[in-house]
Amino acid sequence: MFKPLRIGKHEARFPLIQGGMGVRISGGSLAGHVAKCGGVGLVASPGITLNSGLYNGRNYLQTNAQALKLEIQKAYEIAPDGIIGVNVMVALSDFEELVVASVEAGAKVLVCGAGLPMTLPGLTAHAPDVALVPIVSSVRAAQLIAKKWDKTYNRLPDAVVVEDPDTAGGHLGEKLENIGNGDYDQYATVRGVKEFFRSEYGLDIPIIAAGGIWDRADLLHALAEGADGVQMASRFVPTVECDAEPAYKQAYLDCKKGDIGLIMSPAGLPGRAILTNQADIVGYDQDNATVCSMGCLKKCSYKESGERFCIITALDRAQRGDVDTGLIFCGTNAWKADHIGTVQEIFDELFAETATDREECHQAA
């Protein structure tokens with residue numbers, strides 16, 4: 001029933017990409033186990049050096065790429081033949097270095113959002129087998145990327161992720177005032193992006209739906225509406241294999257639907273997170289007179305003026321288990337989490353159609 005997902009020269013058994021979640025929420029463990037089960041596993045590059053043993057408080061930009069390579073290596077130790085990729089935010093100060101490090105470490109797929117990755121093909125020209133996948137929320141953004149890549153690099157995306165800002169977690173590619181007003185139609189955008197590549201370039205590249213995908217019904221709906229696959233992130237947090245500490249996972253189990261909402265990130269982008277501790281996140285930096293010691297973002301209101309909070313340290317605290325003052329990103333459906341399971345169990349629910357299929361999936365893992 002489910003077609004494999006072919007992205008460039010790489011074919012995943014199942015049409016699923018595990019979304020990138022920083023800081024160290026989707027590291028080598030989660031990405032490796034998703035790839036082992038037949039999906040595309042993504043290591044999230046933002047802040048990957050934090051809690052890695054390499055960062056000493058003063059060498060963030062000097063060690064981030066090295067830490068990323070170690071996580072990719074860890075993922076391949078789990079899934080030697082799997083499809084391991086990296087999510088690299090365009091908004092990162094070390095975007096270029098992280099792209100290069102990803103390629104050097106053997107990443108097969110690069111997924112880039114939080115900005116338009118206009119220079120990505122130039123950074124990977126020496127590695128044409130690495131699949132390039134931008135994240136967009138509009139047909140216009142896909143058009144801008146494709147035309148720039150085609151004209152400058154004679155390259156086009158190998159797939160496109162269409163992220164729904166009304167449901168996705170983390171940083172969102174839309175203005176705050178346009179989110180949740182009822183105007184956005186994700187699957188019209190999916191079909192529009194697909195038609196653009198067909199009509200403009202004669203290509204039928206995979207278009208991946210992201211945001212709000214939680215269970216098999218969501219997956220089947222996405223495929224029925226024209227998507228070639230889905231990207232799921234929040235669903236993989238309450239798993240044994242997720243790289244976050246248990247308290248982080250428990251926060252998903254404890255949160256209610258009304259606890260999830262929008263914040264303005266110091267990166268200048270809206271974000272979706274658990275809101276119950278927002279005052280404590282800001283208060284932490286005020287009480288401790290936190291200063292920017294990393295310069296992780298190209299643009300950051302906290303670095304420039306002390307506005308809002310230091311996002312990377314807030315995400316890092318949460319990943320380590322401080323859910324009182326740490327920032328917990330999540331999608332709108334995180335409240336549906338009701339137990340800590342395994343990545344394999346998620347694949348079983350989503351894709352196994354018969355007992356035979358389920359046994360084969362276990363054997364593959």
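## The three-stranded sheet

Ile-263 stands opposite Gly-271 in strand 13. In this predicted model, strand 12 and strand 13 run antiparallel and are joined by five bridges. They belong to an open sheet of three strands, in the order 9-13-12, with antiparallel pairing. Strand 9 (170–171) and strand 12 are the edge strands, and each pairs on one side only.

## Helix 9 and its surroundings

Which residues of helix 9 are buried? In this helix, residues 278–287, they are Gln-278, Ile-281, Gly-283 and Asp-285. The buried residues of helix 9 pack against two strands, strand 12 (260–264) and strand 13 (270–274). They also pack against helix 10 (301–305) and helix 11 (311–319). Just after helix 9, Ala-289 takes a positive phi of about 50 degrees.

Leu-327 reaches several of these elements. Leaving aside neighbours within four places in sequence, Leu-327 is in contact with Gln-278 and Ile-281, both buried in helix 9. Other contacts of Leu-327 include Ile-263, Ala-273, Phe-309, Ile-311 and Leu-315.

## Two domains, one shared core

The chain is divided into domain 1 (5–244 + 339–360) and domain 2 (248–329). Their centres, taken over C-alpha atoms, are separated by 22 Å. The contact takes 42 residues from domain 1 and 25 residues from domain 2.

The largest nonpolar core has 103 residues. Leu-16, Phe-236, Leu-297, Leu-327 and Phe-347 touch the most other members. Helix 2 (residues 60–78) gives the most to this core, with six residues. Where does the core lie relative to the domains? Domain 1 and domain 2 both give residues to this core, so it lies between them. Apart from it lies another core, of 16 residues. Ile-7, Val-40, Val-111 and Ala-159 are among its members.

## Strand 10 and its partners

Strand 10 (residues 207–210) is covered on both faces. Ile-207 and Ala-209 are buried on one side, and Ile-208 and Ala-210 are buried on the other.

Strand 10 has parallel pairings with two strands. With strand 8 (residues 160–163), the pairing runs over four bridges. With strand 11 (residues 229–232), the pairing runs over three bridges. Ala-210 features in both: Glu-163 stands opposite Ala-210, and Ala-210 stands opposite Gln-231 in strand 11. Strand 10, helix 7 (residues 216–224) and strand 11 make a right-handed β-α-β unit.

## Aromatic pairs

The model contains 10 aromatic pairs. One of them joins Phe-347 and Phe-351. This pair is tilted, at 5.7 Å centre to centre with 40 degrees between the planes. Because they are four residues apart in helix 12 (residues 343–351), the two rings' residues, Phe-347 and Phe-351, are separated by about one helical turn.

Are these two residues buried or exposed? Phe-347 has 0% relative accessibility, so it counts as buried. Phe-351 has 3% relative accessibility, so it counts as buried too. Phe-347 and Phe-351 also belong to one aromatic cluster with Phe-2, Phe-14 and Phe-236. Two members of this cluster, Phe-236 and Phe-347, are also listed among the residues that touch the most other members of the largest nonpolar core.

Technical notes
Residues are numbered from 1 along each chain as its sequence is written. This is a predicted model: local features need pLDDT of at least 70, side-chain atom pairs count only at pLDDT 80 or more; totals for chains, interfaces and linings use all residues. Side-chain values use heavy atoms; hydrogens and water are left out. A nonpolar core is a set of buried Ala, Val, Leu, Ile, Met, Phe, Trp, Tyr and Cys residues joined through side-chain atoms within 4.5 Å. Buried means under 20% relative accessible area, exposed over 50%, partly exposed in between (1.4 Å probe, protein chains only). Domain bounds come from an automatic or database domain assignment. Contact means heavy atoms within 4.5 Å. Two strands pair if DSSP finds at least two bridges between them. A crossover is right-handed if, with the strands pointing away from the viewer, the path from the first strand over the helix to the second runs clockwise. Rings of Phe, Tyr and Trp (its six-membered ring) pair if their centres lie within 6.5 Å; planes under 30 degrees apart count as stacked, over 60 as edge-to-face and the rest as tilted.
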